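User: I have a model open and would like to go through its charged pairs and its interior. Could we begin with the pairs?

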Amino acid sequence: MRQLRLQPGQRVADVGAGSGFFSMMMAREVGPGGLVYAVDIAANFVDASVQRAQDAGLHNVHGVVNDQRGTGLPADSVDLVFISDTYHHFEYPQSMLHSIHAALRPGGELVVIDFRRVPGLSSPWVLGHVRGGEEQVIAEVEAAGFKLSERLGFMDSQYFLRFHRD
């Protein structure tokens, strides 16, 4: 969470929110004046994420059910899009990335955390499940109008990439 450098009042999208684990932490960071969109293709995950946040007294988490081609977020609506262990699931990465680009405000950021896919080092599960490695992800994201601004290596089996909307 610290590496996201969230500020009170920011609007953030947790794309591939799943259980809402990160959405709740982000909601605390951006505070009551901020907003977190818990975005997922599974409506039951979205509903559970919002309910879990409300049960914790966090009323700044809003659910968005999206599809494989886009986030379902309004244009220029968020300061940061966060994707953790979800990018490799994108069936239409360029379509999704264009949707993310449109949802970000000027100067907005995209953070992608995903599994390292390195033959000979990564587990057989990762090699069979994750469609592309870090360099492929960077190339795809940059082709969609983003610029890589930070690459952190503090995790053993995952990478952390920060991009700015160009």
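User: Which residue forms a salt bridge with Glu-135?
Analyst: In this predicted model, Glu-135 pairs with Arg-151, their closest N and O atoms being 2.3 Å apart. A salt bridge here is a side-chain nitrogen of Lys or Arg within 4 Å of a carboxyl oxygen of Asp or Glu. Glu-135 lies in helix H5 and Arg-151 in strand S6 (residues 146-152), so the bridge ties together parts 16 residues apart in sequence. Helices (H or I, at least four residues) and strands (E, at least two) are DSSP runs, numbered from the N terminus.

User: Is Glu-135 buried or exposed?
Analyst: Glu-135 counts as exposed, at 52% relative accessibility, whereas Arg-151 is partly exposed at 43%. Buried means under 20% relative accessible area, exposed over 50%, and partly exposed in between (1.4 Å probe, protein chains only).

User: Which residues do shared partners join into one network?
Analyst: Salt bridges join Arg-5, Glu-109, Glu-150 and Arg-162 in that way.

User: How many salt bridges does the structure hold?
Analyst: There are six.

User: Turning to the interior, which residues of the largest nonpolar core touch the most other members?
Analyst: Val-81, Ile-83, Ile-100 and Leu-110 do, in a core of 27 residues. Such a core is a set of buried Ala, Val, Leu, Ile, Met, Phe, Trp, Tyr and Cys residues joined through side-chain atoms within 4.5 Å. Helix H3 (93-103) gives the largest share, four residues.

User: Any caveats on the numbers?
Analyst: Local features need pLDDT of at least 70 and side-chain atom pairs 80 or more, while totals for chains, interfaces and linings use all residues. Residues are numbered from 1 along each chain as its sequence is written, and side-chain values use heavy atoms, without hydrogens or water.
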